[in-house]
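Subject: Structure for your files

Hello,

Here is the structure I said I would pass on. My notes on it follow below the display.

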Amino acid sequence: MTDEQLADELRALGRAVVPPVADGLTTAVLERVASAPVRRTPAEVIRSKWRALLALLAVLVAGAVVAPPVRAAVAEWLNIGGVEAVPVPSGPTSAPAPPAVSGRLTLAEAGRIAGFVPVVPRVLGEPTGLEASTGFVAMSWRTAGGTVRLEQFEAEPSPMYLKKYWSTLEQVDEVDGYWFGTPHDLVLEDKNGGDRVERVAGATLVWVRGGVTFRLEGAPDKARATEIAVSQ
Amino acid sequence: MRQHAQVAQRTAVLLGAGSEADDVVQESFVKAYRALGTFRGGSAFRPWLLRIVANETRNLHRSRSRRWRREEQAAIPDSVLDPADAAVSTERRRELLDAVQTLPEHYRLVVTCRYLLDLDERETATVLGWPRGTVKSRLHRALGRLRTQLPDKEVQR
């Protein structure tokens, strides 16, 4: 047996190890980070009891009382569908308007190419551009406020887009999504895990519905973006 | 989150956190949250998180007896092995796992990160906090050691 064969066998073995993640992990972590950092020395002693108490607490409140800013701050661990958000210390201060879509497919054609039925937000009407590739649809509109661009894609096992945001990330409860309020680098991750900065993106709303990730860019503010998102 | 939680859980279990794996993962996420300021933009999030998991597992080992460690590490239970994944037979899995668990500490860590968790060399270096050259050389020696420990597959079947 060569080293390579042994390595392959070990990889296959590793893939077969799928321990269950504890129920309520998210809630427990959020509960703990929502409270002030605890000094470890005396806490060590009562750690087991403290944990039990927190676990109990977590069950009782089931995440309901976790403050929204904390939930948003923890979002860098959330893969929002096919988008992964990572915090960076600083970022671009301005962003160009999102690129308009030049394709002119019909909805039916786009759906056939993408392999899922794309959604058109009612409040925006017919898109002025529409293009598609496997698992991906992009459409745009010319509006009084400039170009609005909506991308829809089926979530991949690994993130397709990486958003390097540096300011706050706000949770948008209406669509269970996130609002990236400031310009940020939009990074495309290739199959080998390499990063490529695609472009600088402006404020964007990201949400997931029915296994499809939506990225809406070019809306003037969060309220309008939310309105567009819920009008599907 | 589920993706990160899953890989964190696998890391804790494979590095030998045993029955404490859930606690190790929870603790790691809390620490990661508090240390977010030290996370450098431009570097990958996953190895950064896994390094915290690896450190937490090591802390756990330090606080426990040698005996606990031996028992818990050996006790990667069959229940965490996906029964639908038949790429490697059950006996062979056991054999491999046992062989890995009995390797000297450094070898066990490097084989676990590089192969069982399928991290690349750079990620392994980050997670273990070693220079890349060290990862390479220890990995090489670890494989050699493993091969001598394992009964030959071809002969066995």
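Chain A has an open sheet of seven strands, in the order E3-E4-E5-E12-E11-E8-E7, with antiparallel pairing. Strand E3 (129-133) and strand E7 (169-172) of chain A are the edges, each pairing on one side only. On average, and with direction ignored, neighbouring strands of this sheet are turned by 15 degrees against each other. Please keep in mind that this is a predicted model.

At one edge, E7(A) pairs with strand E8 (residues 177-180) of chain A in the antiparallel sense, over four bridges. One residue pair there is A:Val172 with its bridge partner A:Gly177 in E8(A). At the other edge, helix H6 (residues 107-114) of chain A lies across E3 and strand E4 (136-143) of chain A, and this helix runs at about 20 degrees to E3(A).

Strand E12 of chain A

Strand E12 (residues 212-217) of chain A is mostly covered, with six of its six residues buried. In a regular strand the side chains alternate between the two faces of the sheet. For E12(A), one side carries A:Val212, A:Phe214 and A:Leu216, the other carries A:Thr213, A:Arg215 and A:Glu217, and all of these are buried, which leaves both faces covered.

Which strands does E12(A) pair with? Strand E5 (residues 146-154) of chain A is joined to E12(A) by six bridges and runs antiparallel to it. Strand E11 (residues 204-209) of chain A is likewise joined to E12(A) by six bridges, again antiparallel. A:Val212 has a partner in each: A:Glu154 is bridged to A:Val212, and A:Arg209 stands opposite A:Val212. E11(A) and E12(A) form a hairpin with two residues between the strands, and A:Gly210 in this hairpin takes a positive phi near 55 degrees.

Chain B

Chain B has nine helices and zero strands. Of its 157 residues, 41% are buried. Among contacts in chain B with a separation of 6 or more, 65% come from residues 24 or more positions apart.

The largest nonpolar core has 46 residues, and B:Ala12, B:Val25, B:Val53, B:Val110 and B:Val111 have the most contacts inside it. A second, separate core of 30 residues includes A:Ala110, A:Ala114, A:Val137 and A:Met139. Leaving aside neighbours within four places in sequence, B:Ala12 is in contact with B:Ala17, B:Ala21, B:Val24, B:Val25, B:Val53 and B:Thr57.

B:Thr11 belongs to helix H1 (residues 2-14) of chain B. Is B:Thr11 buried or exposed? B:Thr11 has 30 C-beta neighbours inside 10 Å, so it counts as buried, the cut-off being 20 or more. With neighbours within four places in sequence left aside, the contacts of B:Thr11 are B:Leu50, B:Val53, B:Ala54 and B:Leu117. B:Val53 is thus listed for B:Thr11 and also for B:Ala12. The C-alpha atoms of B:Thr11 and B:Arg51 are separated by 9.6 Å, although these residues are 40 residues apart along the chain.

Helix H7 (residues 121-128) of chain B has six of its eight residues buried, so it is largely enclosed by the rest of the structure. The buried ones are B:Glu123, B:Thr124, B:Ala125, B:Thr126, B:Val127 and B:Leu128. They pack against helix H3 (45-63), helix H6 (105-116) and helix H8 (132-149) of chain B. After H7(B) comes B:Gly129, with a positive phi near 70 degrees.

Between the chains

Helix H1 (residues 3-16) of chain A packs against helix H5 (residues 90-101) of chain B at an angle of about 100 degrees, with the axes 10 Å apart. H1(A) and H5(B) are therefore roughly perpendicular to each other. H1(A) makes the contact through A:Glu9, A:Leu10, A:Leu13 and A:Ala16, and H5(B) through B:Arg93, B:Leu96 and B:Leu97. By type, the residues of this contact are five nonpolar, no polar and two charged.

Regards

Terms used. Residues are numbered from 1 along each chain as its sequence is written. Chains are lettered from A and ligands numbered from 1 in the order in which they are written. This is a predicted model: local features need pLDDT of at least 70, side-chain atom pairs count only at pLDDT 80 or more; totals for chains, interfaces and linings use all residues. A residue is buried if 20 or more other C-beta atoms lie within 10 Å of its own, exposed if 12 or fewer, and partly exposed in between; C-beta atoms are placed from the backbone. Two residues are in contact if their C-beta atoms, placed from the backbone, lie within 7 Å. A nonpolar core is a set of buried Ala, Val, Leu, Ile, Met, Phe, Trp, Tyr and Cys residues joined through C-beta atoms within 7 Å. Two strands pair if DSSP finds at least two bridges between them. Axes are lines fitted to C-alpha atoms, for helices over the stretch in contact, and angles run from 0 to 180 degrees between N-to-C directions. Angles under 35 degrees count as roughly parallel, over 145 as roughly antiparallel, 65 to 115 as roughly perpendicular and the rest as oblique. Ala, Val, Leu, Ile, Met, Phe, Trp, Tyr, Cys and Pro count as nonpolar, Asp, Glu, Lys and Arg as charged, and the others, Gly among them, as polar.
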